[in-house]
Amino acid sequence: MSQTKTAKVRVTLFFILVGGVLAMVAVVTDHWAVLSPHLEHHNETCEAAHFGLWRICTARVAVHNRDKSCEHVTPSGEKNCSYFRHFNPGESSEIFEFTTQKEYSISAAAIAIFSLGFIIVGSICAFLSFGNKRDYLLRPASMFYAFAGLCLIVSVEVMRQSVKRMIDSEDTVWIEYYYSWSFACACAAFILLFLGGLFLLLFSLPRMPQNPWESCMDAEPEH
């Protein structure tokens, strides 16, 4: 592989590494969405909540506004966090048992785990490709990274549908929501992993023949 291609591959792998870190942060944190109810009176406390793939945290926050809403209030102070019951039966998470579909939460978490698995396998292939005459391992690595990005965006969409159904449910007091920084990390990780995988595949392909009578196997190797 030429020095120019090697430099491009290393830059691409750096962006993929950033995407992998963002994906890990998104999966292990619980700030995908922030929920809040509508206030009926002034000077009330707002029971805001934020949650991720594994658990939900609630906190009561004093609100002093005129629009009777605690929208965009960030839960702070003492929080009550609990893992979803289907992940840890010993925890108390009754709120989610009827405000969101169990299948949505499990699906989003499982797909995110698949994404991390693809990142790990792709990283192993990329690491082994630095050995002598092992550039071909960059091609499967690029595919694993692209698959990781696709799995992550599917998990994001499943989570988005879960939040939407929760807000539309009559069993919940939460009627307002916004997506938080964990959600943004997942979206950014999708862009870096998917595009990084495509560019890595492009850079790792053999040089195309420059003459019409050549085939890819006949072309002279790069120096």
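**Group meeting: a walk through the predicted model**

Okay, so of the 223 residues in this protein, 41% count as buried. Keep in mind that this is a predicted model. For the surface, the protein exposes about 12600 Å², and carbon and sulfur atoms supply 62% of that.

Now the layout. We have 5 helices and 5 strands, and if you read along the sequence, the pattern goes α-β-β-β-β-α-α-α-β-α. On contacts, take the ones with a separation of 6 or more: 66% of those are between residues 24 or more positions apart.

What does UniProt say? The unreviewed entry carries the annotation "transmembrane region" for residues 12–34, 106–130, 142–159 and 179–203. I looked at two of these spans in the model. Residues 12–34 come out as 74% helix and 9% strand, with the end C-alpha atoms 33 Å apart. For residues 179–203, we get 92% helix and 4% strand, and there the end C-alpha atoms are 35 Å apart.

That brings me to helix α5, residues 181–204. How far should its 24 residues span at 1.5 Å a residue? The expected figure is 34 Å, and the end C-alpha atoms sit 33 Å apart, so the two agree. As for burial, the list for α5 includes Phe183, Leu193, Leu200 and Phe203, and also some small ones, among them Ala186, Ala189, Gly196 and Gly197.

Just before that helix, have a look at Ser180, in the loop between β5 (174–179) and α5. Is Ser180 buried or exposed? Its relative accessibility is 14%, so Ser180 counts as buried, the cut-off being under 20%. And what does Ser180 touch, leaving out residues up to four places away in sequence? The answer is His31, Trp32, Ala33 and Val34. Those four fall in the 12–34 stretch that carries the UniProt annotation.

Last stop, salt bridges. Searching the whole structure turns up 1. The partners are the side chains of Glu157 and Arg160, at 2.9 Å, N to O. Why might those two side chains be placed to meet? Well, Glu157 and Arg160 are 3 residues apart in helix α4 (residues 138–168), so about one helical turn separates them. An α-helix has 3.6 residues a turn, so residues three or four places apart point the same way. Both partners are partly exposed: the relative accessible area is 34% for Glu157 and 32% for Arg160.

That's what I have, so let's open up the model and discuss.

Definitions and conventions
Residues numbered from 1 in each chain as written. Predicted model: local features only at pLDDT ≥ 70, side-chain atom pairs only at ≥ 80, totals over all residues. Heavy atoms only, no water. Helix = DSSP H or I, 4+ residues; strand = E, 2+ residues; numbered from the N terminus. Expected span 1.5 Å × (residues − 1). Buried < 20%, exposed > 50% of the residue type's maximum accessible area, 1.4 Å probe, protein only. Salt bridge = Lys/Arg side-chain N within 4 Å of Asp/Glu carboxyl O. Contact = heavy atoms within 4.5 Å. Areas by Shrake-Rupley, 256 points an atom, 1.4 Å probe, with all protein chains shown as cover. UniProt positions renumbered as here; feature names shortened; annotations may be inferred.
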